[in-house]
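Please open the structure in your viewer and keep the selection panel at hand. The tour below goes from one selection to the next and says what is there at each stop.

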Amino acid sequence: MTSFIQVVINGIMLGSMYGIAAAGLSLIFGTMRVIYLAQGTTIVFFAFVTYWLFVKAGIDPYLCLLIVVPLAFLVGLFLFYTFFRKAAALEDKNVSLLIAVGLMYLIENAMLKVWSANPRGLDIPYADATIAGWGLRVAWVRVALLGLAVLSAFVVYLFLKRTRLGTAVRAAAEDMEATTLQGINSTWVCAISFAVGIGLAGVAGVGMATVYSFDYQFGFTFAIKALIALSLGGIGNVFGALAGGLILGVIENLTAYYISISWIEAASYGVFILVLIFLPQGLFGRREIVKKV
Amino acid sequence: MKLIPDFSRVGRRKLIWAIVAAVVVVFFATLPFYYDVSEGEFGIFFFTVFIYGIVAQGWNLVAGYTGQISLGQNAFFGLGAFTTALLWFWDITHTGYWFDPVLMVLSMVAPAIVAILVGLPLLSRLRGDYFSFGTLGIGMIISVIFLNGGRITGGSEGKLLIKVMPEGVEFNLQTHYWVSFAVAVFATAVVYFLTTSRVGLALKAIREDEVSAASHGINVLKYKIMSFAVAAALAGIAGSVYCYYLLHPMPMNVFNMNFLFLPLVMVVLGGTGTIVGPWIGALIVYLIAWYGDKFFSGWHPVILGVVMILVMLLMPSGLAGLGEKLPHWGAGGSVGRRSK
């Protein structure tokens with residue numbers, strides 16, 4: 001029983017990464033219907049940024065958040081205005097999907113050439129500190145990661161519910177045309193939600209750097225995992241996406257522990273397909289959103 | 001919607017295109033007589049272009065003509081390659097020829113059957129993005145099954161086919177060139193005749209408006225599954241031919257994402273829903289990859305990424321779509337393009 005609880009806890013810690021990534025995807029997909037497949041690669045990129053800030057400048061990874069997240073926000077604005085502004089307005093969503101794929105190729109292979117294929121990991125002095133009790137052990141950095149995920153989901157939630165801009169974003173997710181008719185600048189709303197989505201990728205990048213060792217090609221799988229988490233949690237719900245990520249993490253860890261580590265992918269993709277077929281609105285989503293897609 | 005083909009337009013334009021197609025086919029079919037394809041670098045170049053182009057032509061059918069963005073083509077490619085490899089390795093069919101036609105046909109049938117089995121639940125329940133995600137997931141599951149196949153599939157090591165080469169066979173790229181070219185012509189012909197027939201009309205109707213197509217008496221699910229299965233079969237036979245070149249198929253290389261994304265870029269660059277588009281795209285994309293690798297070793301995926309983004313930003317309807325805007329020549333090239 002203890003081992004079961006330990007596996008579930010580890011799964012939740014792993015899943016918090018998926019959760020943050022999925023929340024970002026959810027924002028982008030919710031407002032623009034763009035599947036930003038390069039999300040995972042973007043996260044790896046910010047993990048690299050954190051890594052270099054730590055190695056070259058000696059900045060603590062958690063302090064890096066203050067640098068990486070605003071940077072990610074700006075990168076998001078840049079990406080939106082250069083690549084996605086026109087494409088997002090098109091009816092044909094293949095265009096934006098393919099731009100995202102192109103970006104993924106570009107970033108991934110540029111990272112490979114510039115920073116080599118070696119897996120990197122941060123050598124944080126307090127990485128070994130753990131909380132132990134009742135026969136369970138959890139590393140502090142992982143708890144911090146979960147905290148980071150919950151905190152960022154909460155911040156995004158407050159932004160969506162409490163600010164004028166957030167309300168505009170929600171309105172755009174509901175009906176883009178009607179939003180434009182209300183005099184809301186839809187391009188700006190899309191830009192903001194895209195930038196916040198990439199900002200969340202920045203948070204996830206820092207989280208990835210603190211807990212895992214990563215390499216350049218980790219991104220694609222990660223983007224798919226975020227997509228699975230998103231479909232599990234349901235689109236248009238930040239906490240849903242986070243919960244979807246946690247559930248996916250638990251499923252993966254249970255599969256690894258009770259079946260075999262080589263069947264993890266099959267389990268998560270199997271869940272993905274079953275959810276898509278039988279529960280397209282996800283566990284916490286609303287039915288109407290699916291009908292619109 | 002016109003149901004009877006308009007014969008009055010079958011005139012000079014179609015004739016010109018038939019002649020162009022014939023010249024191109026004759027040129028490539030006779031290329032080995034005046035160019036040493038087994039030694040010269042363009043032999044392997046065209047072989048690879050044909051392989052990618054066949055997969056691209058299949059994806060063109062399902063995505064360009066039917067409007068269903070399948071993201072599982074690499075799985076069908078790998079499935080075809082592994083069907084050939086496993087039947088060959090375990091000598092199940094007892095044929096044992098070099099470029100065994102039996103194995104190649106079976107490598108088409110196996111992915112098609114899988115596509116039908118998978119397509120039934122996916123295509124009946126999922127639309128748009130959700131269908132794309134579903135095929136992506138199915139593709140991943142198929143590759144994981146082959147990775148975990150143990151002794152039967154050889155796991156991540158795959159099967160080393162050099163050990164079981166048929167007797168008296170010499171590895172000569174000329175054979176590869178001709179076989180891949182023949183399959184390329186076959187694939188193009190299949191897509192051409194499918195899309196210019198009543199089936200093609202049904203597919204295009206589904207692409208334009210599914211509900212309207214259904215209300216005009218088109219069995220939407222049947223035609224969707226059909227195009228999905230044909231695309232899978234074409235990817236499968238490409239995988240089979242590629243397997244004879246590789247001689248050591250591993251899940252890592254035959255299920256590679258390149259066999260999903262490169263054909264996709266080729267079709268989109270050349271022009272979705274056109275018959276020549278995938279070939280133009282295949283040639284250009286692979287030229288970029290080929291010379292990019294030659295002059296900027298290791299940077300060619302980056303260059304491809306840039307090209308992909310630029311194409312999508314500047315001409316999202318592809319090169320064949322560009323031709324349509326020009327007043328005269330090229331306008332007839334897009335067979336099966338939606339007519340105004």
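In which loop of chain A is Tyr36(A) found? Select Tyr36(A) and you will find it in the loop between H1 and helix H2 (39-57) of chain A, where helices (H or I, at least four residues) and strands (E, at least two) are DSSP runs, numbered from the N terminus.

Before going further, please note that this is a predicted model, in which local features need a pLDDT of at least 70, side-chain atom pairs count only at pLDDT 80 or more, and totals for chains, interfaces and linings use all residues. Residues are numbered from 1 along each chain as its sequence is written, while chains are lettered from A and ligands numbered from 1 in the order in which they are written.

**First stop: around Tyr36(A)**

With Tyr36(A) still selected, ask whether it is buried or exposed. A residue is buried if 20 or more other C-beta atoms lie within 10 Å of its own, exposed if 12 or fewer, and partly exposed in between, with C-beta atoms placed from the backbone. Tyr36(A) counts as buried, because it has 29 C-beta neighbours inside 10 Å. Now add Leu25(A), Ile28(A), Ala100(A) and Gly197(A) to the selection, since these are the residues in contact with Tyr36(A) once its neighbours within four places in sequence are left aside; two residues are in contact if their C-beta atoms, placed from the backbone, lie within 7 Å. If you then pick Ser16(A), which is 20 residues apart from Tyr36(A) along the chain, the C-alpha atoms of the two are separated by 19 Å.

**Second stop: helix H6 of chain A**

Next, select residues 164-174 of chain A, which form helix H6, and colour its buried residues, Ala168(A), Val169(A), Ala172(A) and Ala173(A). Seen down the axis of H6(A), these buried residues fall within an arc of 140°, so they line one face of the helix; the arc is that of the directions from the helix axis to the C-beta atoms. Show what covers them as well, which includes helix H1 (2-32), helix H5 (140-162), helix H7 (176-181) and helix H8 (186-211) of chain A.

**Third stop: chain A as a whole**

Zoom out to chain A, which has 12 helices and 2 strands. The radius of gyration of chain A is 19 Å, close to the 19 Å that the globule rule gives for 293 residues, so chain A is as compact as a globular protein of that length; this radius is taken over C-alpha atoms, and the rule is 2.2 Å times the number of residues to the power 0.38. Buried residues make up 54% of the 293 residues in chain A, and its C-alpha atoms fill a box of roughly 60 × 45 × 35 Å, taken along the principal axes.

**Fourth stop: chain B and its helix H9**

Switch to chain B, which has 14 helices and 0 strands, and in which buried residues make up 50% of the 340 residues. Select residues 220-246 of chain B, helix H9: H9(B) has 27 residues and reaches 38 Å from its first C-alpha to its last, close to the 39 Å expected at 1.5 Å a residue, the expected span being 1.5 Å times one less than the number of residues. Of the 27 residues of H9(B), 22 are buried, so this helix is largely enclosed by the rest of the structure.

Moving along the chain, H9(B) is followed by Leu247(B), which has a positive phi of about 60° although it is not a glycine. Leu247(B) is in the loop between H9 and helix H10 (251-254) of chain B, and it is partly exposed, with 16 other C-beta atoms within 10 Å.

**Fifth stop: where the chains meet**

Show both chains together, and you can look for the 33 residues of chain B that are in contact with 33 residues of chain A. On the chain B side, the elements that give two or more residues are helix H4 (101-125), helix H5 (128-147), helix H11 (258-270) and helix H13 (300-314), and the largest share, 12 residues, comes from H5(B).

**Last stop: colouring by confidence**

Finally, colour chain B by pLDDT, the predictor's confidence in each residue, from 0 to 100. Chain B averages a pLDDT of 82, and 91% of the residues score at least 70. Among the elements of chain B, helix H14 (residues 318-325) has the lowest mean pLDDT (64) and H9(B) the highest (92). Over residues 326-340 of chain B the pLDDT is below 50, although this stretch has 31 contacts in the model beyond near neighbours in sequence.
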